[in-house]
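Grab a coffee and work through a few exercises on the fold shown here. Try each task yourself before reading the solution.

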Amino acid sequence: MKRHQLGAAAAVVAVAALAYIGVIRPGSDSAERSPQPTVGATTATVRVMTWNICGEAGDCYAQTNPAGQAKAVADLARTKSLDAVFLQEICGEEYKNDKSYDANKSEDADSLLTHVEEQLDALGADWNLAFLPYDRLAQDRWGASITVKPSVTREYPVRKHNNAPATSNFRCRGSLIPGVQGMAIAVKGTFGDPYEYELPSPQAGISLKALCVRRTSHTPVRFCTTHLTPPGEDLDARAGFSYRVAQIQRLTEITGTGTDTVFGGDLNNRPPGDSAAGSEASNLVPLYTTYRECQQLGTTARKGSPTKWSRSAQADPAGGPLTWVYKRESQQYDYLFAKNSFASCEVVTSTQEWSDHLPVVGTVSVTTS
């Protein structure tokens, strides 16, 4: 497996390499979006999964079993015959973690990303992977230095040992797992140079991005994934300003309108057709207007099944060990989009032990010209 590493976290080892392999800086979209030369139009059916895997971020369920969590990814890749996997909140690149930051972490432990690589390799197919770490912002939009403050959201709680400066990567939680959080795309087949794009991000917290690759074997499909700002972090001094709205607008520019593109991720927004969406009901309208969402299938519906779980501990009246009780929440936060309608779409409910999000698997036809 060939792994492509992107982002500021790789600056020590890969700044020169990024320029060499042609990673486009934010704002230069057209070259990356241009399809590979083909003779005539080519149409293919692809199967894609997106999953916020809760890689040691906050209230995660599988902090002490990354190998098992990675096997769950590979099992889905095999049983669902996937062509591409989008993963958010995955811990990667353990050597980039500052070991003084968490003294109780094992120097020999592998990141979740490494386990995912190993499990995909074990499938025997030619899987390749690109990883893009999240970064904390060093300055606000006025150029002033940012002091990292405790988050008010459950998703990004304060870590016991996290006294890292604002310029740090968004490090992974969990006493056994080293690494930094990020997003990844795994593709069955080969792909060209990965591309990263900045998204408008809150003046404190993590700087979010989008990651795109184009498969060069088989049909040259373009795959993109992203992770948008959580509702509780969507704060700004400007009245009425929403980072998620700005991020979605930027995402439509990045993904374009080509029939060769499939994209998705954890968008941290309820869909427009959700009566509980409230003020965010219009946020995803630009995506639904331009593309088809996986759970729409052949309908015009703008709401799908929930993709969130929560869990709580239940005491044993006899004094035995606690048991976990899982509850399906009402939020649909995870999406797959393409220009054409999806032929099938599934929210996989058998994975609740691994994450607070459920995987979404879709089948769609793409055309390149």
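The exercises below go from the whole chain to its sheets, a helix and some charged pairs.

**Ground rules.** This is a predicted model, where local features need pLDDT of at least 70, side-chain atom pairs count only at pLDDT 80 or more, and totals for chains, interfaces and linings use all residues. Residues are numbered from 1 along each chain as its sequence is written, and side-chain values use heavy atoms, with hydrogens and water left out.

**Exercise 1. Take stock of the protein chain: how many helices and strands does it have, and what share of its residues is buried?**

Step 1: Count the elements. There are six helices and 17 strands; both are DSSP runs, helices being H or I with at least four residues and strands E with at least two, numbered from the N terminus.

Step 2: Check burial. Of 369 residues, 56% count as buried, meaning under 20% relative accessible area (exposed is over 50%, partly exposed in between; 1.4 Å probe, protein chains only).

Step 3: Look at contacts, meaning heavy atoms within 4.5 Å. Among those between residues at least 6 apart in sequence, 75% join residues at least 24 apart.

**Exercise 2. Work out the strand order of the seven-stranded sheet, and find its edges.**

Step 1: Read off the order. This open sheet runs β1-β4-β6-β3-β2-β17-β16, with mixed pairing. Two strands pair if DSSP finds at least two bridges between them.

Step 2: Find the edges. β1 and β16 (342-347) each have a single partner strand, so one side of each lacks a neighbour in the sheet.

Step 3: Zoom in on one pair. β1 and β4 pair in the parallel sense over three bridges, and Arg3 stands opposite Leu129 in β4.

**Exercise 3. Do likewise for the six-stranded sheet: which strands are at its edges?**

Step 1: The order in this open sheet is β7-β9-β10-β11-β15-β12, again with mixed pairing. The edge strands are β7 (195-198) and β12 (292-293), each pairing on one side only.

Step 2: Inside it, β10 (residues 222-227) and β11 (residues 261-266) pair in the parallel sense over six bridges. Arg222 has Thr261 in β11 as its bridge partner.

**Exercise 4. Is helix α4 mostly covered or mostly uncovered, and what covers it?**

Step 1: α4 (residues 112-121) is mostly covered, with seven of its 10 residues buried. Among them are His115, Glu117 and Leu120.

Step 2: The cover for the buried residues includes β1 (3-5), α3 (66-79), β3 (84-92), β4 (127-133) and β6 (180-188).

Step 3: α4 lies across β1, β3, β4 and β6, at about 145 degrees to β3. Such angles run from 0 to 180 degrees between N-to-C directions, with axes fitted to C-alpha atoms (for helices, over the stretch in contact).

**Exercise 5. Track down salt bridges: which parts of the chain do Asp83 and Arg215 tie together?**

Step 1: Count. The structure holds 12 salt bridges, each a side-chain nitrogen of Lys or Arg within 4 Å of a carboxyl oxygen of Asp or Glu.

Step 2: Asp83 and Arg215 meet in one of these (3.2 Å, N to O). Asp83 sits in the loop between α3 and β3, and Arg215 in the loop between β9 (209-214) and β10, so the pair ties together parts 132 residues apart in sequence.

Step 3: Check burial. Asp83 counts as buried because its relative accessibility is 15%, and Arg215 does because its value is 3%.
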